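Trainee: Could you walk me through this one? I'd like to start with the strands and then move to the helices.

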Amino acid sequence: MNTLWLLTKKNLQILIRAKSSALIVIFAPLLLILLLGLSYNTHEQYALRIGVSAPSLTNDVLAFTNLLEEQNFTVIKYEQGVDPCLLDIKSGYVHTCIELPTSLTIEDNNPKEIIFHIDPTRINLVWMIQQSVGSKFSLREQEVSQQLTQSILDRINQSSTSLMQESTQINLLKDKTTSASSSAQHAQQSLKTLDLTFTPPAHDLQVIDNTKAQLVASASAIAQASTEVTKFNLTGAQRIKINTLLTEANTAVNTSIDLIDGSQTSTIRGLIEIFQQDLANATQKMNSASLKVQDSASTLDDTKTSIQETTDSLQTVVGDLDKIQQVLNSGKVTQANTIAAPLRTRIEPISSQGTYLNSLFPSILILVVMFSSLALGTTLVMIEKNSPAFMRNFFLPVHKVTFITSIYFTNLILNIIQIAIILGIALFFLTDSYAAFPAVALILFITGSVFTFVGMIIGYMFNSEETAILASISMGSLSLFVSGILLPIEALSSTVRSIVSLNPFVIAEKLLREIFIFSSPLSSIWFDLVILISYALLLFLVILLIESFFHQHLVDRFMRHHHPKHKEGEKK
Amino acid sequence: MEFIQAQGVSKEYAKKAVLRDVNLQIEEGDMLGIIGQSGSGKTTLLNILSGFVEPTNGQVVYYSKVDQRPKDLHGNFSKIKQHIGFTPQHSSIYPKLSVKENILHFGQLYNIPKDTLIANAKALLQFTGLYNDKEKLAEQLSGGMRKRLDISCSLIHKPKLLFLDEPTANLDPVMEKEVLRLIQEVNKQGVTVIIASHHLENIENTCNKLAIIKEGKVQSYGDIDDVRKPFLKQNLTINIKTGKDKEKIIALVKKLPVSKIVDQGNQLVLYPSDDEKALAQLITRIKEEGLSMSDVDIHKPSLRDIFTKLTQ
């Protein structure tokens, strides 16, 4: 146990006394955690730049954009259609495009559609957009739904008020109807008391018939006689006869008269008198009935008036009910699902959705190139620094730039081989992307150069190979963590974000994504490409400066490393 | 004539003086040995003289026959370094390259024309005895062979100055001798050689000039005999193995310029006050007197003696 402790103690002593190792081993992870902690320790709203495209910037659209701006989202408005916005997603200028209709007011049962254009390859960003913008959108949807419901409630209230008013009218109508009913009942009772019974006497109508027949016969005879007289040239006898006949006729007529107007009771006169009496009775009854009828008519007039008024009131009620119906029908949104979800969202990916490999391929490529370039750059510099031939190289008539460049070229060759292998393998999986491969190779080449130089700088700055490799891995990890691959850089604090946006990893990955996923031409990404190339040149200059600055240090270090006695002498 | 001259050179590391006011001149064809204890500053001096390390104060002047005027070595190092070859203590070659590849690699970097380079390389390989092993990887060579390869790499561009730091360190005696022979051959070909070593005997047997350095200061510098001269009076002895004429010889010796006589029985140890005269007179007088002696041995002070004296 003691031995174990002694060995452990010795190891710790060696580690701590090797300052750079201690610094890296102990402080590098702490530094890494500190940097990441500081970077992501924020409650700030995700720094999303949201493109809003609408046919025109109506109040509804502006209200929506204001809602987003209140949440500190950067809103970029596109009035020229959605295409420029989509291009800006591809270039990374905006994170999502929201395509809005002119108005968010729901006018029928069709919900309004809002299209979210997103880059499906940035999976973590899609989640962030859904989380952040989706909540604002839900809020807006809730508002619209609330407006619709309020509209319906307003109409119901209006109808209710109208119905209250109609209730009075209906009560009045009810009274009038009751009154009319009473009047009708009264008229009915009056009419019930009306006695119109009339019993006809049992007259012998045969007398009249006989008389009538005799008179007819007389009349006929007289008429015949009269006719005969006129036709013939009658003698006296004839004339006498005729006269006799006429006399007989006359007698018959007289008899008839007696029958009609005689002293007997069964004469026509008597009958007429009876009739007159009966008629008088009847007239009396009828008069009585007439009075009743008049009374009823008067009552019925009242009833008619009441009914007329009722009809008018009913007409009014019908009219009012029509109005209520109109009010109720005035809401064109009648479907519950439209009221509950008046806005419909649709997520539209801006690129064809391939496999996950398609999405991750640019990141993977950059990741591989970054780590390999960092490690190679560091390793080769360390190999050269720790090479036994370091001193001999010093005496060679070779400029240090040439040495540095040779290390870079060595890396480059290895990088090219690596890229060729990766792309070669990728050909089997990403058959649709052949055309992009030359540009991809160019970007990887530049990225490899940048990270090679970073690796070389680390190599020049650290003494031991292990420490330098650890430093380069730490550097790579830091770049990875703040690249947006694991966590979106939009979640970083604004200060850190502005620094992180300069991360060559971020720039390179963005370039590769545009080329590989969106098939953008090189001409559209030249600016970022120039930045990346500038990084490479700048880092090369930094290496030259470091090499010049640390040259004497390297010489001293070499002497210490290769001449232990010298070191002992120095200690003395 | 070309030469290299250190003028008041001093060097500090972390404010600690490693070298102090070093002045010396190395001329064309010289073979200078820098000796000193470990940590005395000899490697630092070698590195400063070679241009690898810049002095804190003073300067190293390089005089070229071509330019006919002295130049600051460090200020004009990029032009002068092609005349310099350097073989550090530890091999300064690429272990993963073969013998031939190492030589050709460094030769090519000196921009030597290909044909010349191949011829030079072949000659060097033969000269250093590595020709048969030219295809071997450097890491597969023995210590001595590796040292020879190192020297070959330092000579491929035919330098005028060859600096060697502990050239015989970690070599067995046979290899050591072989390497020293090689260095001498190189020197004979007109290359000025500067060696830093703590192998005093090797320096004594190989070099014509010597710089003894102690705690960063040159204690003695010059031709080996010149360095030795101040120590002869105190350290030169004449050892005579006497026979029956011992007493006569003692009597004779007392008449000579001898400061001290030590009788060791069969041998007399004489400390002459003047080395040259005493020895000559002694031999003449013994011959004249017809005295018998079995052996006369002159013991001059060795470099080790001088070094010990100077560095104590």
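Mentor: Sure. This is a predicted model, where local features need pLDDT of at least 70, side-chain atom pairs count only at pLDDT 80 or more, and totals for chains, interfaces and linings use all residues. Residues are numbered from 1 along each chain as its sequence is written, and chains are lettered from A and ligands numbered from 1 in the order in which they are written.

Trainee: In which sense do strand E1 and strand E4 of chain B pair?

Mentor: Strands here are DSSP runs of E with at least two residues, helices are runs of H or I with at least four, and both are numbered from the N terminus. Two strands pair if DSSP finds at least two bridges between them. E1 (residues 3-13) and E4 (residues 57-63) of chain B have six bridges, and B:Ala6 stands opposite B:Val60. Their sense is antiparallel.

Trainee: And which residue is the bridge partner of B:Lys11 in E2(B)?

Mentor: E2 (residues 16-27) of chain B runs antiparallel to E1(B), joined by eight bridges. In E2(B), the partner of B:Lys11 is B:Leu19.

Trainee: Which residue in the hairpin of E1(B) and E2(B) takes a positive phi?

Mentor: That hairpin has two residues between the strands. The one with a phi near 50° is B:Ala14.

Trainee: Now the helices: how are H3(B) and H5(B) oriented to each other?

Mentor: H3 (residues 99-109) and H5 (residues 143-155) of chain B pack at about 25°, with axes 8 Å apart. Axes are lines fitted to C-alpha atoms over the stretch in contact, with angles running from 0 to 180 degrees between N-to-C directions. Angles under 35 degrees count as roughly parallel, over 145 as roughly antiparallel, 65 to 115 as roughly perpendicular and the rest as oblique. So H3(B) and H5(B) are roughly parallel.
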